Every structure is written in structure tokens, then in C-alpha cells.
Amino acid sequence: MGKKKAIKLATATAIAASAFVAVAPTQSEAATSSVDKAITKASSAMLKAFNTYNKTARVEGKLPALSTIKKDVKSAQDAYTAAAKEIASKGGTKAQKATLTKKLDTNKKYLDRAELYLKAVTTNLKPTKEAFTAAVAGGTQSKVLSAQKAYQAKIKEFEANVKKVYGPDARELLTAKYADAANELVNSVNDEMTVYQAYKKISVLVDKEDLEAAEKLIVDTKETAAKVAKLDTKLAKNITNAVVKINKKFEDAQVPAVKEVSAINTKTVQVTFSTPVKDTSKAQFEVKKGASTIGVSATKWSEDKKSATLEINSKLTEGTYNISVKGLSEEALNGSVTVENEKVAEIKILSDSLIKSGEKTGAVGYQVLNQYGEDVTSTSLANLAVSSPNGELKAEKGKLSLESSSVLKAGDKVVVTVIDKNTAKTANATLTVASEAKVSEVAVNGIYNKDSKTLSEDTKSDNFYVLVDVKDQYGNEITDVNKLKNELTVLASNTTVADFSKDKDGKAIFEEIEVNKVKKLALKVVPGTKGDSLVTLISNSTGKSVSQLVTVAEGVKVDTVTIGSPEGVIAGSEKVLVPVEITNNKGAAVTKVADTTGVKVTLAGATSKEGKIVEKDGKLYIELTTDSVKANEVGNLIVSVTTPTNKFSNKVFQVKTDAVAQTLVNLDSKVSTSIYQNQKITLEDKNFIVQDQYGRTITDGFTVDVESADDAKIKVEKKSGIISITALKDSALVTFTINKGKTNESSVDVRFTTVAQSEFASYKVTDAGTLLATDDVDYAKDLEVYGVTKDGKEVKLPKDEYNVVVGNGGFKYNSDTNKLSGDKSQVETNSKNGLPETKDATAKVIINDTGDELSVKGKISAVAPKAAKVEYVENEKTVDSAELTITTGTLTAGNLTNIAVTDQYGVEGTVATSEKGNLVITFADDSHKDALVTFSSVVNVDKTEAKIESNGTETAKVSNLKDGATLTAKVSVNGVTTTVKFKINLDAVKAPAEEVKDPAEEA
């Protein structure tokens, strides 16, 4: 190269280099460029995901392929996440990052809409559809009803998700493709289920002798039942058979019988029937005494139509009256009653005082009663002879008048005698002469409460009385409460603290109460706020007075609250229980929610501004849910408490990022990794042990992906969230992964092994237990046969690998379902055919490949199902305490529908509320039993008194319950009980669900 040429080349190189340096962007400019590219890419991806479904639906009138929308949504999500990370790392200042984030989020709505569409279209209706279809084919009514409700719930979930989808075209297409057909299918058995449910109620009503309600329901259901009877399905036939059976039961119950005939007075006979008489107009009564027919002037029926009173034309006389009732059954119903002639049974002298009416005259009242308790004082039956050694005594219309032989003075004694001439019934009395008595002196004997409680703001709902002794001018006690009301003036010095019971005219109301089995006069106190009030009683005739100081003590109130710290990490969007230690103004610890009235809990950093105090395991906590905290951020939770005594305490807690699934620890140890050849097992998310970033085990919020190292040996598949693992040969590692493709991806390898017949060293079969002898499939039990390897692993065999021989051993076997049931022809409850009630049962299991014989043992029984276990269940867990929401202040036995009852055969019954409010358990054989409920320890937060009625019966109830009330309920079925503590939530008006409205349509 020549020198001149070399110089030119160098110069050119230098110029090029200088040009390159001149246009090179700064580091910041390069970063901004990468951020813009990421935002542009994300915006494009989000819009594409949106158009994938919306444009396809709107323009082409169809839905996109599921794989396509899934792919596009995933791409958009990844692009959005990548852009957000790019902004965070290279977006410049805080203000610049905010501007870039706003730019990124401009099109975020399109991703949100695409995600809502994906959520709707991936709502899986298939499992509940298949379960419903199988139940209908099986024909068992209860199972169909349960499956229908589950299917309907899933359809509603899908429809709710569709409502949230942006764009009417997509919504219409989703509804037409999935919801319309599903609704048509699920509603195809509405008539059958209407009849089934109605006749379950009818059967219960007949058992309770509520035939009127049963008949109304039969009439209302008649047309639908006729339609079902024409259907040629197993389900319809089963329901129709039940309808026929229950209708016969109803007809049999309608035929009444004469239960009792009784004389209730001299001209009336009452006829009581065993059941209500449906049509009383058909009843024709005939009354005979001997051969004579006795006329009936009037017939009156009781409101419940179970008894009729017959008014006879003449008085009943000694002898037997035979009553015949025609028109209610094929044969006349008969009954009789034997009576005596009317006679005087008792004579009463109505006072121990002879009230002066003149110097030598006085009077006292009397009464004559017959054997029915009727007043015959003024009738001819009262043939009386009267006498007195103190003068001339006359009896007239209930008044004995004495004309004394000497002047009568107050305190003199006179003797009167009254005798019935026909029966010799006698009344003697020594009377004290008195002028008209007036209240003269009053004494008070303190304040009384039957439970010896102290009157305070807390006990003012109890009854407190001022005990009073009152005497007239003669020193005699006055017990007439009406006389006291008119002759005593009562005043209270401070009615806001304590007043007394008054009538509408403002006069004091006195009562007669029992104190230590002695009747005492009392004035009921009406307490108010804490303080003193002087209650004064004044005699209107003498002006004498007496006073009683009534003190209402301060109630027990919460004084201090010490806020503790929850155990472990507090994360966002989580329910948290903050422990608290509470003392009252008496220095005692508070351990019951009912005793925390007036405590105000305010929150910051939680989803609600107010916290509530709850009880768990005997300790008190503030229950709340934390606000969401984004990744890489920290939140604060502030808990503040003010007590009724105006003492304040607060505490601040650090809230960490919302928990997410972080580590897949392992497969649940209960899952067997040894699988019989060509068989499969299925796994759900609940079969895995997963922990969040804080090391806590979680049960949701993650998805498990699966991959086999060798699908030719161990084949894996995931469909609709269910993982299936099929053993083909040998063994292979199966990798389970959560958070796949993310920075926090976590996996675990599990080796699954194929077990062939040749590897079994022995075989075993599980015992059948005790089975009810019935054809009802609910009482059949799965037959479980296992092969056991040399190292002790048990592998369940498919039913094709063995043969079952039942012979006459007591079992029946269904090879289609692989279930054992009890042979009802071999046991009975009445010994009519000499069969036992319960017997041992056996069957043979023969392994096809080896000829090994196994013996299945158990028992079969004809004993009807009854409760063996009673539990209260919430969220599939047995609990002994729970919150219960009611819409009125009355809690009935029928509100406790979370009760679960399992019979002695291990089959759970259904629980429902009858029209009368009873809690009715229907066992799987369709027999019914009412639960007996006993309420106790009822405490209203405001200390008002709740009312318990019919306690310990099937109609038990508690009324006047207030929001926050606590109580205990004992539920008993067939003598088996469970006891549950409840906190009552009173929700009188429930807000309707908010309607999901369409967003504005955009191009």
C-alpha cells in the first residue's frame, strides 16, 4: 500500500470513528428507547388479546379457539409484566416512571377484558354436567336433586362470569354455546324434583298429623305428579312409586277414630277424635241413653277440628250416654261417657269478715258449685239451710245476711253455717266484724330479687321489687292489690334512676309475689341509670308514709384493652386475629364477647374501618382482613381501641406483601405412588403440600403442572384441573411444578411405579362392616381388594382382576358398581318368618390370575336407620362454635340446618326445615325424625331478656334475640346429641346483589 493511500485510509477510518461517536445515544437515551419498545410491545399484545375474542365475536360472529385466546392472554400478561419491570429498572426518575406506567396502563383495560373473557370461557361445566346426567340415569331422587343443585350453581357461576365479559356479541355467543344448552338440560327434571320435594314434605306432614297442610300440598302438586307418572324413565318411575305410597299413607291417616267422650258441664258433651276431621259437615252425631235418643241442640267444632262439643237439649242425668258418629268412615264411630246427676260439690264462704251495714246487721258473700265447677248459687239445686248462734241468718243470691241479737262492734266474732240439704255439703266460718277497711299503715321490707342479685345497670332487665306490708285501721293485713292501688300514693324522687310500675292513670301497680314460698305484696321497680331514687308510699286515709332508698349501681364495663401481636407473619389480603387482653372496671378479666359492649375498634390498613371482637378457644381477638400489599412494598395496619370508660390504646403492625405460592414441598403422603398396571389415579391441588414465601402451608392460589420423564412408562395428563397418572410399565419420575415459567418456579420429583400381578406376594380384602339389608343403593358399600407386594405396599386391584361369590352368605354383589349390599330376604325385625334381626355375613373373593381365595366378612341388619353421629358442620369441618345469621329476632330449631346426621350404617341423612319450623332429618331410606333442641346460656349484648319456648322439643325457639347475642344449643336425634355455641348475627334486611352493568362499548 502506498503512503498516500494509507494516509487516506487512516483519515477515512478516523472520520468514520468520529461520526460513530457523534451519533451514539447516551445510556439514558438507550434505556428510554428499550422502555418505549417494551410499552409498545405490551400495548400491542394487550390489544391483540382483546381483539382475539371481541373482534372475532363482533365481526365473524363466532368465538375464538380456546388455545388461541389462552396463548394471546398469556403473551399479553407476560408483555405487560416485562414492560413494568423495564420501567422499574430503566424508567428514570420517580416522576418519569409514573408517566411511563400511566402510558403502559392506557391499554391495560384490554388485557383486563381479555382475562374476564378467558375466566368465563374456562368455567368448567363438564364435571357437574356428567354427575347430573349419571344421577338422572341412576334414578335415585335425592342424588338427582343434589346433582341438579350443584349443576345449577355451576351454571350460575358461568353466567355471572359471562355478565362481566365486555361486548354483547361475545356474551351472546358464550350464552348460546354453553349456558342455553346447560340450562335446558338441568331444567329437564324440574317436574320430577318438584314432585319429589313436595312429597317428602307431605310425608313429614302426615307423620305430624298436619293433614290439612298435607292435602293442600297434594292438590297443588297433583297436575305435575300426573305429568311425571307418564314419563318412561327410572327416575320418574321411582318418584311415582313414592307418590302412590305416600298418598296411601295420607288416605289411611284421614280416617279418624273417637278418642274420648267427656261431660264438660251439665248440658255439654265433648267428643275428641284421633285426627282432625277434614269435612266436619259430614259428621252426623247421635246421642242415646239406653234405647232413648237424646236431642242435640247445637254442635261446635274446635279450631283444630279434633273435637266437637254437643249441647244436649236437657241436662245430663245419671247413666251412660252412647255417642255414634256417622259419615266420616264406612262404619260408624262410637264412644260413651258415664255421668252422675247434677249435685252440689262445694260451698264457699267468700270472706273471713262480716262487714257491718248497721248497728246489728252485716253481710258476707257465699258461692255454691256443682261437680263441673259451675256456679249454681242462684239455682234450685242450691237447697240450703243456714244458721248462726249470733242471730238470724238468711241466704239469698250469694249473700248471707245476719241480723244480730246484739250490737255489732268491730272485732266481734260471729259464726255462720251453710248446709246443702241434698248432699250434706257444709261450710262453717267464724267471721270477724269490721267496718269498711282502709289502708292505714305501710311498712317496707327492702328490695327483693329472686336470685339475690344486686340492682345495677347490668341487672336492670331482671325483676326487682320493694316488699310492702300494709294494714288497715284494725291492724289486719290488706292483700287486695286493687285496694292498694286506690288507697296508696307512691312517689319516686328521681325517676331517671328508679321509678315503679304504673297503670295508664299513673297509679302504682302492686303485685303478689312468692318469697321463700310465702306470698308477699310488692311494688315492681323500673330501674334506669346509675344513682339513687327515694320511693315513698303514703296512706291516703291517714297521711302516714314510709320510704325506701333504691340504689342502681354502676354496671360492669370494659375499662382497659391491651393489644397483643398475632403469631407469625401478617400479609396483605388476609384474615388476621389480633389477640387482646381486656379487663373491666372491677379489675376482672373479660373473656366473653357479650361482655365487651361499648368497645369501639377502629382500623386503618384493613378492608373495614371497624373491627369486631370474636372469641376463639376461650380467648378474645380482634378479627379483621388486611388491605392488599403489592410486591416489594410494605403496608401498615393500625388497630385502635376505645373503651366505655374512655381509655384509648393502639398498635401499629407491619403488613408484608400478599402471600403467593412459593414452594412445592411434596405430594401428600396419603397418595400411593404404586399403581396397578394399566390403572390410573387422579390428583387435585389439595393432594399437594405447598408453602408461601413465608413458609406457611397454603391450600389455594396455585396451579400444579405435571410432566412425566417417560410417558411410555408412566403417562400423565391434566384436564380441567385434574391430573391423571396412568401406570403402563416399570417406573418413571413425574415432575410436579408450580409457578411454571416464572422466577419463583418450584418443582418436586416423585417416582411412580407400575405394579404387575406377578409382583404380589399376597392379597387382602377390607371387611364390609354392618350393612342395612335393602336394595337402596345408598346403603351399598364399595368392595376393596388389594394386592400386597413383598415390601408391604398395598395396591388396589380393579374389579376385573377378581370374581365375587356371595352364595347364601347374606351379601348381594353388583358387578357393575363393585358394591356389596345386604340381602333383605335373610333378616327381619318382627321375627314373623323366624329370621334374625342381624346376622353375620360372608362372601368369597377369588383372584382370577392365581386362584387365591379371600373372605369378606361383615354383618347385615334389618334394623331401621337411626342417628349414630350428630355434628354441626361449617365449610366441611365439624365445629363446636359458630356464627349464625337470622333475619328476625327469633331462632327456631329449623334454623340449625348445618346439622349433619350420620346413621349407624355410616350413611348421612338430609336435613331440612318443615313448614312448622322443625328440624327434620330424612335418612337415606326416606324415614324421618325430628331433632329435639334445647337452648341455654342465652345472653343478649344489651342485657335484655330473651324468651325460650318449648325447650327440649322439636319446636323449641328463642325470641327477642338481639344482634351479637350468644347462646348454646343442644341438638338431639334418636338420643345422640351435639352441643354448639352460637353468636347471633341479626340481618333483617339483606341487600340485593349488585347488578353487573356493561362497560361503554368502544371501537
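This note goes through several local features of the structure, which is a predicted model.

1. Helix α10, which runs over residues 211-229, is not straight along its course, for there is a kink of about 50° in α10 that is centred on K222. The end-to-end distance can be read beside this bend: a straight helix of 19 residues would span 27 Å, whereas α10 spans only 24 Å between its end C-alpha atoms.

2. As to the packing of this helix, the buried residues of α10 are L211, A214, L217, I218, T221, T224, A225 and V228. The cover over these buried residues includes two further helices, namely α9 at residues 190-207 and α11 at residues 234-254.

3. Residue S353 belongs to strand β10, which comprises residues 353-356. The side chain of S353 makes a polar contact, at 3.5 Å, with the side chain of D352. When the neighbours within four places in sequence are set aside, S353 is in contact with A363, V364, L431 and T432.

4. In the hairpin of β13 and β14, strand β13 (residues 391-396) pairs with strand β14 (residues 399-404) in the antiparallel sense, and the pairing extends over 6 bridges. Within this ladder the bridge partner of E392 is E403 in β14, a glutamate-to-glutamate pairing that a reader can locate directly in the model. The hairpin has 2 residues between the strands, and K397 takes a positive phi near 50° there.

5. A separate open sheet is formed by 3 strands in the order β45-β50-β49, with antiparallel pairing. Its edge strands are β45 (781-782) and β49 (811-814), each of which pairs on one side only. Between β45 and strand β50, the latter covering residues 819-822, the antiparallel pairing is made over 2 bridges, and K781 stands opposite L820 in β50.

6. Is A946 buried or exposed? Although A946 is found in a loop, the one between β61 (932-939) and β62 (947-949), its relative accessibility is 19%, and because buried means under 20%, A946 counts as buried. Apart from neighbours within four places in sequence, the residues in contact with A946 are V938, N940, V958, S959, N960 and L961. By way of a longer distance, the C-alpha atoms of A946 and T754 are separated by 65 Å, the two residues being 192 residues apart along the chain.

Note on methods: Residues numbered from 1 in each chain as written. Predicted model: local features only at pLDDT ≥ 70, side-chain atom pairs only at ≥ 80, totals over all residues. Heavy atoms only, no water. Helix = DSSP H or I, 4+ residues; strand = E, 2+ residues; numbered from the N terminus. Expected span 1.5 Å × (residues − 1). Bend = angle between axes of the 7 residues up to and from the residue. Buried < 20%, exposed > 50% of the residue type's maximum accessible area, 1.4 Å probe, protein only. Contact = heavy atoms within 4.5 Å. Polar contact = N/O pair within 3.5 Å; in protein donor to acceptor, adjacent residues only side chain to side chain. Pairing = 2+ DSSP bridges.
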